[in-house]
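Open the model in your viewer and keep the selection tool at hand. The tour below goes from one selection to the next and says what is found at each.

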Amino acid sequence: MAKEIIIQGKNCRHYYAGGIWVSKDGTLAAQAGKNDYDYKILAIQENDNGKFVTNIFGIKVSIAYAVMKCFGRPEPNDGKRHVIRHKDGDLRNCESSNLEWIVEPYHHNSAPSIDLTYKGITFTVHKSGEVSFNNQVLTVCDYVFDARQGLNVCVEPYITLASSNGNINLGLDSIMATAGYINGDNTVLRYPEILHRDNDWKNFASDNLEWVEILDRRFNDYQLQKQADRHQRNVEINPGKTIPVDM
């Protein structure tokens, strides 16, 4: 059994990964100190995803997740992704008996667009594969400059969000997946990958994207075509230069 200490009359266990002590009923969290009795009570906050605290490193720690790791059953080891379900539907009720692991549900998004927020920046993802910010469609980039080689190098397509803390680059495949615009259900796949059905690595329209197993023959064909197309793109963005075949 995990070690417990009493904090303000509640039995608490240490969630090591988050660096906090948490009570079984999810109503108390404390910052871990140098010893078992050196702690600081943390303010529990709420957002659309439930209750959380911010630890000493500025990282938001989910109360439900901390309670499950400390007091709940272990997450199933079946190769699938899992999320925590609040049995009574109340995200504020983080009592261990109210929490359970379920396979992450998959919902395909059929809406023309959806707003996503990343590190405080809200942007709009369109079913067409475009991403806009402040009503302006963002440019998709597909290469970076490699100073070591002195060449432009083709990379997975990405967009850049301007932030006060510096620019943030986000890959288009990842964005479309987060938006729910990939056809199929990746939760039932063992090694899911995103297939571009027309073998065009730059076509991010929702109708062109599908979750498949990594060993799917279609995904292998797509990877081979993408490799050839990316080599051709490397030639285009480095005029007059010799490009290695494996670049």
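Select aspartate 25 in this predicted model. The residue is partly exposed, with a relative accessible area of 23%. Add lysine 10, whose side chain meets that of aspartate 25 in a salt bridge with an N to O distance of 2.9 Å. Lysine 10 counts as partly exposed too, at 28% relative accessibility. The two partners are 15 residues apart: lysine 10 sits in strand E2 (residues 10-15), and aspartate 25 in the loop between strand E3 (20-23) and strand E4 (29-31).

Over the whole structure, a search finds 13 salt bridges. Two further pairs involve helix H3 (residues 217-236).

Go to aspartate 142 and arginine 233. Their closest N and O atoms are 2.9 Å apart, and the pair forms a salt bridge. It links distant parts of the chain, with aspartate 142 in strand E15 (residues 141-146) and arginine 233 in helix H3, 91 residues apart. Is aspartate 142 buried or exposed? At 6% relative accessibility, aspartate 142 counts as buried. Extend the selection to Lys202 and Glu236: with Asp142 and Arg233, these residues are linked in a network of salt bridges.

Stay on helix H3 and pick lysine 226. Its side chain meets that of glutamate 156 in a salt bridge, 3.0 Å from N to O. Glutamate 156 belongs to strand E16 (residues 151-161), and 70 residues separate the two partners along the chain. Lysine 226 counts as buried at 10% relative accessibility, whereas glutamate 156 is partly exposed at 36%.

Next, select asparagine 199, in the loop between strand E18 (192-196) and strand E19 (209-213). Which residues does asparagine 199 touch, not counting those up to four places away in sequence? They are Arg218, Asp221, Tyr222, Gln225 and Asp229. Asparagine 199 is partly exposed, at 24% relative accessibility. Now check the backbone: phi of asparagine 199 is near 65 degrees, a positive value in a residue other than glycine. Most residues other than glycine have a negative phi.

A positive phi also appears at asparagine 134, at about 55 degrees. Asparagine 134 lies in the loop between strand E13 (131-133) and strand E14 (136-137). Asparagine 134 is exposed, with a relative accessible area of 59%.

Move to isoleucine 56, in the loop between strand E7 (50-54) and strand E8 (60-62). At 64% relative accessibility, isoleucine 56 counts as exposed. Show the surface of Ile56, Phe57 and Ile59, which make a nonpolar patch of about 380 Å².

From there, select serine 62. A side-chain oxygen of serine 62 lies 3.4 Å from the backbone nitrogen of alanine 64, capping the N-terminal end of H1. Helix H1 spans residues 63-71, and seven of its nine residues are buried. Those buried residues are Ile63, Ala64, Ala66, Val67, Met68, Cys70 and Phe71.

Finish with the cysteines. Cysteine 70 is buried, with a relative accessible area of 10%. Why is cysteine 70 not bonded to cysteine 12? The sulfur of cysteine 12 is the closest cysteine sulfur, but at 9.3 Å it is too far for a bond. Cysteine 154 is in no disulfide either, the nearest cysteine sulfur being that of cysteine 141, 11 Å away. At 5% relative accessibility, cysteine 154 counts as buried. With a cut-off of 2.5 Å between sulfur atoms, the count comes to zero disulfides.

Technical notes: Residues numbered from 1 in each chain as written. Predicted model: local features only at pLDDT ≥ 70, side-chain atom pairs only at ≥ 80, totals over all residues. Heavy atoms only, no water. Buried < 20%, exposed > 50% of the residue type's maximum accessible area, 1.4 Å probe, protein only. Helix = DSSP H or I, 4+ residues; strand = E, 2+ residues; numbered from the N terminus. Contact = heavy atoms within 4.5 Å. Polar contact = N/O pair within 3.5 Å; in protein donor to acceptor, adjacent residues only side chain to side chain. Patch = residues over 30% accessible without salt bridge, like charges linked within 9 Å, V, L, I, M, F, W, Y side chains within 5 Å. Areas by Shrake-Rupley, 256 points an atom, 1.4 Å probe, with all protein chains shown as cover. Salt bridge = Lys/Arg side-chain N within 4 Å of Asp/Glu carboxyl O.
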